[in-house]
Amino acid sequence: KGADVEAIVAYLAKQNASMMLEKSFPVRHYTAEFMKKVFDILFHYRKTVAKDSPQGQLILPETLRTLPLFSLAFQKSVAFRRAIRNSPRESFEPKTDERVANLLSLISMSTEDVVHLLYPRLYKISTKSEVPFERVGASSEHLINGGIFLMETWQNYLLYIESNVSNKKRFEVLGSEGVHGIEGTGPVAKALLQLLQVLRSRSKNLV
């Protein structure tokens, strides 16, 4: 019950990254190994701690409730994403050098950075609230029409502006009707620049 889910995820990701660099098995072999370890963890928890629970009911300790989420994020990561053939998503298959670069990074990362790489941080930008930024879950359900978001993916920072965002709202953030840079002088633009300065202290790569 006192398990550290982030430490578990980081350990399994590092372990699979090391194996993938040493042995040339298909990517699915490593994602299967990761999922097998996750199943084993949940199975032994149920067997030793929650053995009196109803059969067929998924039992998760509070500390491991996000383990399925991280498992999905692991499979979608650049390092372990599988090839998808004959599908519109085929173009999202990472190049070999991108995969290797991410594998090497995973091995040397701290636990916090591994979790951050697998599950990006998403900030919603608002011009109507006293708090100009709100941390939200990295889910498509938050990417509502008319929204402006900043996503931090460990190495890259992505400013997402929906195409139908009003020129007025875009101006409050960017200082112009275009998207050539953060040139606004309003409170939201200033807060955005301050946030980016903090984030870029950990990484200088801005997209």
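**Entry 1: the main core**

I began with the largest nonpolar core, which holds 30 residues. Leu-67, Phe-80, Leu-106 and Val-114 touch the most other members of this core. I then asked which elements give two or more residues to this core. They are α1 (5-22), α2 (27-48), α3 (67-76), α4 (96-108) and α5 (111-118). Among these, α1 gives the most, with eight residues.

I must note that the model I am reading is predicted.

**Entry 2: Val-114**

I picked Val-114 for a closer look, as one of the residues that touch the most other core members. Which residues is Val-114 in contact with, leaving aside its neighbours within four places in sequence? I listed Ala-10, Ala-13, Lys-14, Leu-106 and Met-109. Leu-106 on that list is another of the residues I noted in my first entry.

**Entry 3: a second core**

Next I looked for a core apart from this one, and I found one of 12 residues. Its members include Tyr-123, Phe-133, Ile-148 and Leu-150. I marked Ile-148 and Leu-150, since I wanted to look at strand β3, residues 148-152.

**Entry 4: strand β3**

Is β3 mostly covered or mostly open? I found it mostly covered, with four of its five residues buried.

I checked its partners. Strand β1, residues 121-125, pairs with β3 in the antiparallel sense over five bridges. Here Leu-122 has Met-151 of β3 as its bridge partner. I then turned to strand β4, residues 157-161. Five bridges join β4 to β3, and the two run antiparallel. In this pair I saw Phe-149 opposite Tyr-160 of β4.

I added a reminder for reading strands. In a regular strand, side chains alternate between the two faces of the sheet.

**Entry 5: the hairpin**

β3 and β4 form a hairpin with four residues between the strands. Which residue there takes a positive phi? I wrote down Trp-154, with a phi near 70 degrees.

**Entry 6: the whole chain**

Last, I stepped back to the full chain. I counted seven helices and four strands. Along the sequence, the pattern reads α-α-α-α-α-β-β-β-β-α-α. The chain has 207 residues, and 37% of them count as buried.

I also looked up the contacts with a separation of 6 or more. Residues 24 or more positions apart account for 51% of these.

My final item was the surface. The accessible surface of the chain comes to about 12800 Å². Carbon and sulfur atoms own 53% of that area.

Conventions. Residues are numbered from 1 along each chain as its sequence is written. This is a predicted model: local features need pLDDT of at least 70, side-chain atom pairs count only at pLDDT 80 or more; totals for chains, interfaces and linings use all residues. Side-chain values use heavy atoms; hydrogens and water are left out. Buried means under 20% relative accessible area, exposed over 50%, partly exposed in between (1.4 Å probe, protein chains only). Two strands pair if DSSP finds at least two bridges between them. A nonpolar core is a set of buried Ala, Val, Leu, Ile, Met, Phe, Trp, Tyr and Cys residues joined through side-chain atoms within 4.5 Å. Contact means heavy atoms within 4.5 Å. Accessible areas come from the Shrake-Rupley method with a 1.4 Å probe; for residues, only the protein chains shown count as cover.
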